[in-house]
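Biologist: I'm new to reading protein models. Could you walk me through this one, feature by feature?

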Amino acid sequence: MSGLANALRRHPELMVAAVLVLAVVVIGTINPVFWQPSNLFSLMRASVVTGILALAVLLVMLSGGIDVSFPAFAIAAMYLTIKAMIAWGFDGVILPFLMASGIGLGLGLVNAAFVHYLRMIPLIVTLGTGTAVRGFILGVVGTSQINIGQMPPQLIDFARGEVLHVTQADGSVAGLSSMVLVYAGLAIAVHLLLRHTMLGRGIYAMGGGVEAARRVGFNIRRTTFVIYGLAGALAGFAGLLHGAMIWTANPRDMVGLELDVIAAVVLGGASIFGGRGSVIGTMLGVLTLVVITNSLIILGVDTTWQRVVVGLIVIAATAVTAWRDRKRLA
């Protein structure tokens, strides 16, 4: 029994995977519709944007910080990019995503400057920058929603791509969004960064203690700017992808998404104190949260109570993380 407990402490992904399997079995037993390919593909599609944002949050949390500005950065990058595409009559794909990622990168570097040079608390910094950016978009750029008729066609076509088609029992065809591959590619890139580079080791070291990381030779300034810059770039990319996938650009979108994403990262085993967490755990946490939310919808649970469930997940996952860290230090 103690061996199992030690394994779970060393590999929290196993616990997340067990919770995910249990949730899937229970939900599928209650409502067999859950097992239909169309629903399973829909769950994977719903994980894409949340998952990319969760990768951004993971980077910051591993370093011992917390970021709540990413939804505002994502929406700013998405809205500004699509506005520019419409104004310039440009209908490509690669350049818009580079532009959105660049906007997010620039905003992320602003966070890094406040955190590193002014020694400000990351939560306060990102709360302030997120609020300021969203206020700027609504107050200066505009509040009008860009609907499907105004959206750049190639952007929509890119997000509508599918890589797998399955014929269901009723004869309808279900397709798996190719955006799942984009998400997987970014996840692999972040995993390689964290596990196989000195920069990744520096991120984990900062989570164990900034001063200790500095004493062993890590460049704290560079690492901090890379963390927040990359987190901002991922947020910008996810924002434009979000707009392309829902065929509209709404500057008021993603309000309150912070809780869902942070819940997924913590549920995936990342420590709120920094230094512990993984990409695979984060991806499992995102999928688990999406599955639970989907099951509540299937069961007809009111939206208000869905938020209660997400809040309880955050509390429970944080409590487990704190218990795990205490056991490790004991």
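Modeller: Sure, let's begin with a cut-off: buried means under 20% relative accessible area, exposed means over 50%, and partly exposed is in between. Keep in mind that this is a predicted model.

Biologist: Okay, let me try that on a residue. Is Trp247 buried, exposed or partly exposed?

Modeller: Trp247 has a relative accessible area of 32%, so it counts as partly exposed. You'll find Trp247 in the loop between helix 11 and helix 12 (257-267). Look at its backbone too: phi is near 65°, a positive value in a residue other than glycine.

Biologist: Which other residue in the loop between helix 11 and helix 12 should I look at?

Modeller: Try Met254, which lies in that loop. Its phi is also positive, near 65°, and again the residue isn't glycine. With a relative accessible area of 6%, though, Met254 is buried, because the cut-off for buried is under 20%.

Biologist: And in helix 11 itself, what does Thr224 touch?

Modeller: Thr224 sits in helix 11 (residues 220-246). Setting aside residues up to four places away in sequence, Thr224 touches Ala112, Val115, His116 and Met206. Thr224 has 4% relative accessibility, so it counts as buried.

Biologist: Let's zoom out. How many helices and strands does the chain have?

Modeller: There are 14 helices and two strands in the chain. Its radius of gyration is 20 Å, close to the 20 Å that the globule rule gives for 330 residues, so the chain is as compact as a globular protein of that length. The C-alpha trace spans about 55 × 50 × 35 Å along its principal axes.

Biologist: What share of the residues is buried?

Modeller: Buried residues make up 49% of the 330. As for the outside, the chain exposes about 15300 Å², with carbon and sulfur atoms supplying 69% of that.

Biologist: How should I think about a core?

Modeller: Here's the general idea: in soluble globular proteins, nonpolar side chains tend to be buried together. In this model, the largest nonpolar core has 91 residues, and Leu53 and Leu194 are those with the most contacts inside it. Helix 3 (residues 37-62) gives the largest share of this core, 15 residues.

Biologist: Which residues does Leu194 touch?

Modeller: Leaving out residues up to four places away in sequence, its contacts include Leu58, Leu59 and Leu62, along with Ile203, Tyr204 and Val279.

Biologist: Where do I look to see distant parts of the sequence come together?

Modeller: Start with the whole chain: among contacts with a separation of 6 or more, 76% are between residues 24 or more positions apart. Then take Ser38 in helix 3. Ser38 and His165 are 127 residues apart in sequence, and their C-alpha atoms are 9.7 Å apart in space. Ser38 is in contact with Gln168 and Ala174, leaving aside neighbours within four places in sequence. The side chains of Ser38 and Gln168 are joined by a polar contact of 3.0 Å. At 32% relative accessibility, Ser38 counts as partly exposed.

Biologist: Last one: how do I read a helix from end to end, say helix 13?

Modeller: Check its length, then its two ends. Helix 13 (residues 279-298) has 20 residues and reaches 28 Å from its first C-alpha to its last, close to the 28 Å expected at 1.5 Å a residue. At its start, a side-chain oxygen of Ser278 comes to within 3.1 Å of the backbone nitrogen of Gly281. Just after helix 13, Gly300 has a positive phi of about 75°.

Note on methods: Residues are numbered from 1 along each chain as its sequence is written. This is a predicted model: local features need pLDDT of at least 70, side-chain atom pairs count only at pLDDT 80 or more; totals for chains, interfaces and linings use all residues. Side-chain values use heavy atoms; hydrogens and water are left out. A nonpolar core is a set of buried Ala, Val, Leu, Ile, Met, Phe, Trp, Tyr and Cys residues joined through side-chain atoms within 4.5 Å. Buried means under 20% relative accessible area, exposed over 50%, partly exposed in between (1.4 Å probe, protein chains only). Helices (H or I, at least four residues) and strands (E, at least two) are DSSP runs, numbered from the N terminus. Contact means heavy atoms within 4.5 Å. The expected span of a helix is 1.5 Å times one less than its number of residues. A polar contact is a pair of N or O atoms within 3.5 Å; within protein, one must be able to donate a hydrogen and the other to accept it, and residues adjacent in sequence count only if both atoms are side-chain atoms. The radius of gyration is taken over C-alpha atoms; the globule rule is 2.2 Å times the number of residues to the power 0.38. Accessible areas come from the Shrake-Rupley method with a 1.4 Å probe; for residues, only the protein chains shown count as cover.
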